[in-house]
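Trainee: I'd like to learn how to read a model like this one. Could you walk me through it, feature by feature?

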Amino acid sequence: MTLKIALPNKGSLSQSATEMLRESGYRQRDDAKQLTVADVENDVEFFYLRPRDIALYVGEGTLDAGVTGRDLLRDSGAKADEVLTLGFGASTFRFAGPRGRYTEVADLAGARIATSYTGIVRSFLEERGIEASVTRLDGAVETSIQLGVADAIADVVETGTTLRQAGLEVFGEPLLRSEAVLITRAGADVPDAFGVFLRRLQGVLVARGYVMMDYDIAEEHLPTATRLTPGIESPTIAPLDREGWVAVRAMVPRDGSQRLMDELYDLGARGILLTDIHACRL
Ligand SMILES: Nc1ncnc2c1ncn2[C@@H]1O[C@H](COP(=O)(O)OP(=O)(O)OP(=O)(O)O)[C@@H](O)[C@H]1O
Ligand SMILES: O=P(O)(O)OC[C@H]1O[C@H](OP(=O)(O)OP(=O)(O)O)[C@H](O)[C@@H]1O
Ligand SMILES: [Mg+2]
């Protein structure tokens, strides 16, 4: 059975999703107008759809899995589960209003709120017993206050630039922290190719998050050195021609790897090398 995967056709998640899939060795479209791509060799077919619709297709079982935003998944109410977070498309979902007007969520009682995510907003307010009217707009939600259609908004905030330019500020706790996720239908049987698909994506995440570190060190310092670089399973230790010295190789998180090199150098390690990992299966 061919694996059917939904990918965002445009918007903030589209390019990163396509890049990640290409890096995982799958055929991707080279023209943004293409709606489907069959990767026959890997027995996968890709469907490029609006990220908002992806949760519905996957939730109903029409497609086996998909890439969308956690906020869109929650808003849709679809019966799909997150199986992997993909490391891009991070944003928060927040209330905002004219500067100085609101300080907390409770101030929204009786207000008119505009948003593209009515599902999330309504259930958030309901849980807190706040009564307000919620209107759905398709986009450019920030402008609705100036136009007199709403008193406050709830929208995706990434850098905050759009809000600032509209003279608005966030208030209250975030409704949600979102990022791109891989979803499948709750409790569904997925084709065999899905196991391979998932492992490839996990491999890309590890290859992006880790680097390979090599160094030479005197054997007496090995216990401290391997505590600093424990690797994923355990580091590879190889003999060196130089008496009493060994070569160590271990994967280390990319973040903090420069500091780690400093610490190893101070410990007496030399010939410390960092190399990118192109792909991996753990
Ligand atoms: N700066 C951002 N603006 C909008 N959405 C973002 C941003 N960063 C991440 N996202 C995520 O992208 C998804 C929105 O998908 P959507 O297709 O609506 O993108 P979009 O950038 O709003 O595109 P468009 O407005 O052209 O439809 C959500 O999951 C949202 O959290
Ligand atoms: O915090 P920022 O970095 O400014 O990003 C957030 C803005 O980006 C999105 O708008 P988009 O460009 O998708 O337009 P839209 O409102 O028409 O969807 C989102 O709806 C916010 O308006
Ligand atoms: Mg948008």
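Mentor: Sure, and keep in mind that this is a predicted model. Let's begin with a ligand shell: sort its residues by class. Around ligand 1 there are four nonpolar, seven polar and three charged residues.

Trainee: How many residues surround ligand 1, and which are the closest?

Mentor: The shell holds 14 residues, and Gly11, Ser12, Gly69, Ser91 and Glu158 are the closest.

Trainee: Where does ligand 1 lie with respect to the domains?

Mentor: Check which domains contribute to the shell. Here domain 1 (3-89 + 179-191) and domain 2 (91-177) both give residues, so ligand 1 lies between them.

Trainee: What does the domain assignment give for the protein?

Mentor: Besides domain 1 and domain 2, the assignment lists domain 3, covering 211-276. Taken over C-alpha atoms, the centres of domain 1 and domain 3 are 39 Å apart.

Trainee: What do the UniProt annotations add?

Mentor: Treat them as labels from a record. The unreviewed UniProt entry places "domain: ATP phosphoribosyltransferase catalytic" on residues 50-187. That stretch is 25% helix and 36% strand, and its end C-alpha atoms are 24 Å apart. The unreviewed entry also places "domain: Histidine biosynthesis HisG C-terminal" on residues 207-278. Residues 207-278 are 29% helix and 40% strand, with the end C-alpha atoms 6 Å apart.

Trainee: Back to the ligands, then. Which residues are around ligand 2?

Mentor: The list runs Gly139, Ala140, Val141, Glu142, Asp155, Val156, Val157, Glu158, Thr159, Gly160, Thr161 and Thr162. Next, map such a list onto secondary structure: β9 and α6 (161-165) are the elements that give two or more residues to this shell. With three residues, β9 gives the most. By class, the shell around ligand 2 has four nonpolar, five polar and three charged residues.

Trainee: Is strand β9 largely enclosed or open, and why?

Mentor: Count its buried residues. Strand β9 covers residues 152-157, and five of the six are buried, so the rest of the structure largely encloses it.

Trainee: Which strands does β9 pair with?

Mentor: Look at the bridges and their direction. Strand β6 (residues 91-98) runs antiparallel to β9, and five bridges join them. Thr92, for instance, stands opposite Val157 in β9. With strand β7 (residues 112-115), β9 runs parallel, joined by three bridges. Ile113 stands opposite Ala152 in that pairing.

Trainee: And what else does β6 pair with?

Mentor: Strand β10 (residues 168-178), which is antiparallel to β6 and joined to it by seven bridges. Phe95 is a handy residue for seeing both pairings: its partner in β10 is Phe171, and its partner in β9 is Ala154. As for burial, six of the eight residues of β6 are buried, so β6 too is largely enclosed by the rest of the structure.

Trainee: Let's try single residues. Is Glu104 buried or exposed?

Mentor: Count the C-beta atoms around it: 12 or fewer within 10 Å means exposed. Glu104 has 10 others within 10 Å, so it is exposed. Glu104 sits in the loop between β6 and β7. Leaving out residues up to four places away in sequence, it touches Phe171 and Gly172. Its C-alpha atom is 17 Å from that of Val157, which is 53 residues away along the chain.

Trainee: What about Ser14?

Mentor: Ser14 belongs to helix α1 (residues 14-23). It has 18 C-beta neighbours inside 10 Å, so it counts as partly exposed. Beyond residues up to four places away in sequence, Ser14 touches Pro8 and Asn9. Compare sequence and space as well: Tyr48 is 34 residues from Ser14 in sequence, and their C-alpha atoms are 8.9 Å apart.

Trainee: One last residue: which helix holds Leu228?

Mentor: Leu228 lies in helix α8 (residues 222-228). With 17 other C-beta atoms within 10 Å, Leu228 is partly exposed. Again setting aside residues up to four places away in sequence, Leu228 touches Leu260, Glu263 and Leu264. Leu228 and Leu264 are 36 residues apart in sequence, with 7.9 Å between their C-alpha atoms.

Methods: Residues are numbered from 1 along each chain as its sequence is written. Chains are lettered from A and ligands numbered from 1 in the order in which they are written. This is a predicted model: local features need pLDDT of at least 70, side-chain atom pairs count only at pLDDT 80 or more; totals for chains, interfaces and linings use all residues. A residue is buried if 20 or more other C-beta atoms lie within 10 Å of its own, exposed if 12 or fewer, and partly exposed in between; C-beta atoms are placed from the backbone. Helices (H or I, at least four residues) and strands (E, at least two) are DSSP runs, numbered from the N terminus. Two strands pair if DSSP finds at least two bridges between them. A residue is near a molecule or strand if its C-beta atom, placed from the backbone, lies within 6 Å of it. Ala, Val, Leu, Ile, Met, Phe, Trp, Tyr, Cys and Pro count as nonpolar, Asp, Glu, Lys and Arg as charged, and the others, Gly among them, as polar. Domain bounds come from an automatic or database domain assignment. Two residues are in contact if their C-beta atoms, placed from the backbone, lie within 7 Å. UniProt positions are given in the numbering used here, feature names are shortened, and annotations may be inferred rather than shown by experiment.
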